[in-house]
Amino acid sequence: MNPTRKRRLTVVLLVVVAAVAAVGLAVFALQQNMNYLFTPSQVQGGQATQYKSFRLGGMVKAGSVQRASDSLKVSFIVVDADGAMPVEYNGILPDLFRDNQSVIATGSMDGARFVASEVLAKHDETYMPKELKDAMAKAHKNKAIVDEKAETETGK
Amino acid sequence: MSRLLPFFAFVGLVALFGFGIWWNTKHDLREVPSPLIGRAAPEFRLPVLGDPGRTVSKADLLGKPYLLNVFGSWCFACGEEHPVLMAEGKALGVMLVGYNYKDEPAAAKGWLAEHGNPYDLVIADVEGRTAIDFGVYGAPETFLVDGKGVIRYKRIGPLTPDVIEHELKPALAKIAREAP
Amino acid sequence: MIPELGQLALILAMLLALVQGVVPIVGAWRGNNAMMSLARPVAAGQFVFVALAMGILIHAFLTFDFSVGYVAANSNLALPWYYRITAVWGAHEGSMLLWVFILNVWTVALAMFSRQLPEAFAARVLGVMGFIALGFLAFIVFTSNPFLRELPMQPDGADLNPVLQDPGMTFHPPVLYMGYVGFSVAFAFSIAALLGGELEQAWVRWARPWTNVAWAFLSGGIVAGSWWAYAELGWGGWWFWDPVENASFMPWLVGAALVHAQAITEKRGSLRSWTILLSLFAFSLSLLGTFLVRSGVLTSVHAFASDPRRGLYILGFLVVVIGGSLLLYAVRAPKVAGGRAFAIVSRETAILIGNLLLTTAAAMVLLGTLFPLLGDALNLGKVSVGPPYFGFLFNLLMLPVVLLLPFGPYLRWGKGDTGVLKPIALRAGLAAIVCAVVAAFFVDNRLKAIAGVAGAVWVCVGTLLYVIKRWREMPRGRRFPAEMAGMLLAHFGVGIFVAGVMLSESLSVERDVRMEPGKIVQLGSYDFRFDGVRETSGPNWRGDEGVVTIMRDGATVATMHPQKRTYTRGQVQTESAIDAGIFRDIYVALGEPMEAGNHEGAWALRLYQKPFIRWIWLGGLFMMLGGFVAAGERRFRVQKARSEAGTTIAEPAA
């Protein structure tokens, strides 16, 4: 085999080996870091037992949020159509967290409850929460007053 | 022929993205489904907007399906949804109940007068307490309640022609098939 | 009336882009001078109309024109004027207009600085730019019109998303887009070369300054985005491997590979196909990023509101542009290996290894980003990929790059001499080990921090040794040509970046605590005293401002004012307080009152001490500076005489 061919072959071989190594590493890393998402009813149905850590998704049940008096421990219940799961979390909850909000908690089961290491609340661009009412109502009221004035003035 | 490899890899990617777009039209964009579907709507008794002497309760509305549309004069996205309701509301063939949420009656009436009233009936929840029972977080939201008072569908965010076509109408059709 | 003029301007721009995209290329094919010479004036015309549209949109924001739906959705009466300008690109439609505007900026620059290029080549380059602009303008006109009226007019707008109301957001998108969009120039050069049969060998040299500048802007844009996320999102992180972040990082990785591959092809004439392919990949990844964040196929905190119709349109555009370019490549790329050969030990090999590692990293990021979509397609369930996937693989792939980096400049083109490398390895290695040992005492034997110190010293000392060598061996005026100075600056930046990342990640301390007013908590080397909360407000928000005093050994180091704001839109926003320093940041964020409604009582607070975190962005800025400096290389400026004679491969510089 002439030297050029030999060199080409070496290069190709190296590339193949490197590619296999890269793919193997990627698959390994993916498997280690894949997080599945389950709803409370799915967890209660046993679908999450084989996963040590997973994500729990659902809505925060209104009125279920309870905070400890002396620490940052907070507990709440996450519900979906057919199930409910008590969740415990130690730390500061995200700004968007509130009753009836969609949340995704990452963590693992401890007996019958879910201990979360991270809690994320969802945010929808087109959606308007109640707090806005005050500011907007004020702006609208001002406009209404102005309109009334205009109407009486022009006798419309 | 290894020259064509990048091209074929890209074709695979396009197939994946095309699938992704198609999948999104069929499934709820939010990762987490609503827990209220299939549950009975909460009991309520609310006054009619502008006529507080008259009240409407859940029992009054039993027997036929209806759409409950949560709105407010303060709500910007409701303004975006409103033309859709005006255009397509009547054609849906089901009663449209406006749920005026945390609003001032005068402001709400003014808003409806200005933009048009697509509703067959408007009830007012000024304090927002009944809304909590419904799991309302904000506006706009729309509930489809069947003749037995069970919530069959919930839309968080404005109704769009697309949503009406692909989500609401099938839900309505399903109810129609069940009715004796 | 005026917003309608804006719509008209966009339609006219689109028609001009159509002309620009088709006529010059046909002209170059046919050898028709009249058609080719149309390119520059048409490009100028398109720029005028796009700039006009941009100006009209800015004007609409500044004058509170809420009859325009986009303005009403993204600003309100209380929004300060500087954020009203930012709001122009705060949502989908406006950001698309910004994309096209910046594309036009690059096109005009090309039109101005390409007069020395052969006519046919320049016509093709401008034609490709026009074709890309056509795609985006059509997208805007047909699906994403920012000038649509929303009647009846709302009395007040919704507001710009509070997260975007920050100085970082003012310049992060424009700078980022200058980079993203700037790769279209390298792309256009490659397409022109493929179309023209690559008769002009010097085209890579012409492409280099444009590519370096685009990559430099992208580096700056990513740094700005990372710094903004750190300052604004409230939770101390600077990179989350979020799909939108990845969408900007992948072109950066491939772009870094590209600027190096272009060096080889320009100086030695080899690896032409690889360089062309990389430039196609870089811009394709830019377009891909645009698709990912707007089509709804991926969920992300950054993603714009999704719309399947828009997603399909962009997908179609991707098929035409990327698919078309890759087909063109398959058919027309040089089949015969050209240029000068190189040995196993050579600068070319070192760069090639770096290239392969960088592109593999980009591929790995792409896989991780798309995996949730794959999960849906293969019915694996709702799966997400955790950040450690990215971190683990990225560190692994970059380790050989860091180790090789100091050797690059010492290896000669064609055939390097390993003998030269040994003393460098010894000196830099010794410095690294000594510093690592010293560091070990300060960092409590934390392995990651020690590795970071070792890596950073290895790279920085290795780079400095080369600086000294050049200083000693070359006469004044020839020591550091721009290209070399840029390379040294950027490589030095890598070292600083490595130090910043490894040290801050391993040495950061963080605590979530519950504090009553007056309570003192110790964290790291500081004492934090919470002095209660008072009410405060701004132009479009109201909130609570906490007072936290930082002390060390009894003396007050800083007083910090973290805030919790509620904006007119109703959104709650955490404004963290940061005490910045070259060697550490102190970071305090307000959580929530421990008793709902009682703002005078105890609050939850998050406290951080983050050593060396600014070095991360400092390293990035060095890389950006290096890119800009290298682009100034005199050799890259085209001489008309040379190109007329038919160029030869430039003499290899040192």
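# A tour through chains B and C

Select C:Lys448, which at 33% relative accessibility counts as partly exposed; buried here means under 20% relative accessible area, exposed over 50%, and partly exposed in between, with a 1.4 Å probe and protein chains only. The model is a predicted one, in which local features need pLDDT of at least 70 and side-chain atom pairs count only at pLDDT 80 or more, while totals for chains, interfaces and linings use all residues. Residues are numbered from 1 along each chain as its sequence is written, chains are lettered from A and ligands numbered from 1 in the order in which they are written, and side-chain values use heavy atoms, with hydrogens and water left out.

**Salt bridges in chain C**

Add C:Glu505, which is partly exposed with a relative accessible area of 42%. C:Glu505 and C:Lys448 form a salt bridge whose closest N and O atoms are 2.9 Å apart, the term standing for a side-chain nitrogen of Lys or Arg within 4 Å of a carboxyl oxygen of Asp or Glu. This pair links distant parts of the chain, since C:Glu505 belongs to helix α17 (residues 482–507) and C:Lys448 to helix α16 (residues 447–473), 57 residues apart. Helices (H or I, at least four residues) and strands (E, at least two) are DSSP runs, numbered from the N terminus.

Next select C:Arg149 and C:Glu4, a salt bridge with its closest N and O atoms 2.8 Å apart. C:Arg149 sits in the loop between α7 (119–143) and α8 (167–195) of chain C and C:Glu4 in helix α1 of chain C, so the pair ties together parts that are 145 residues apart in sequence. C:Arg149 is partly exposed, with a relative accessible area of 28%, and C:Glu4 is partly exposed as well, at 33%.

Then go to C:Asp512 and C:Arg606, whose salt bridge brings the closest N and O atoms to 2.6 Å. Here too the pair links distant parts of the chain, with C:Asp512 in strand β2 (residues 509–515) and C:Arg606 in strand β11 (residues 603–611), 94 residues apart. C:Asp512 is partly exposed at 23% relative accessibility, whereas C:Arg606, at 10%, counts as buried. For a wider selection, take C:Arg208, C:Glu266, C:Lys267, C:Glu483, C:Glu633 and C:Arg635, which salt bridges that share partners join into one network. Over all chains, a search of the whole structure finds 27 salt bridges.

**A buried charge without a partner**

Select C:Glu575 in strand β8 (residues 572–575) of chain C. C:Glu575 is buried yet has no salt bridge, and the nearest side chain of opposite charge, C:Arg565, is 4.0 Å away; Lys and Arg count as positive and Asp and Glu as negative, while His and the chain ends are not counted. Leaving aside residues up to four places away in sequence, C:Glu575 touches C:Glu232, C:Pro562, C:Gln563 and C:Arg565, contact meaning heavy atoms within 4.5 Å.

**Two further stops in chain C**

Return to helix α1 (residues 2–30) and pick out C:Gly21, which is buried, with a relative accessible area of 7%. Its contacts, not counting residues up to four places away in sequence, are C:Gly127, C:Gly130 and C:Phe131. The C-alpha atoms of C:Gly21 and C:Ile132 are separated by 7.7 Å, although their positions lie 111 residues apart along the chain by numbering.

Now select C:Trp241 in the loop between α9 (203–232) and α10 (243–268) of chain C. Its phi is near 50°, a positive value in a residue other than glycine, and at 14% relative accessibility C:Trp241 counts as buried.

**Helix α3 of chain B**

Move to chain B and select B:Ala108, B:Trp111 and B:Leu112, which are buried in helix α3 (residues 105–115). They cover an arc of only 95° around the axis, which puts them on the same side of α3(B), the arc being that of the directions from the helix axis to the C-beta atoms. On the other side of α3(B), B:Ala106 and B:Ala113 are exposed. Just after the helix, B:Gly116 takes a positive phi of about 105°.

**The whole of chain C**

Zoom out to chain C, whose secondary structure comes to 19 helices and 11 strands. Buried residues make up 61% of its 654 residues, and its C-alpha trace spans about 80 × 75 × 55 Å along the principal axes.
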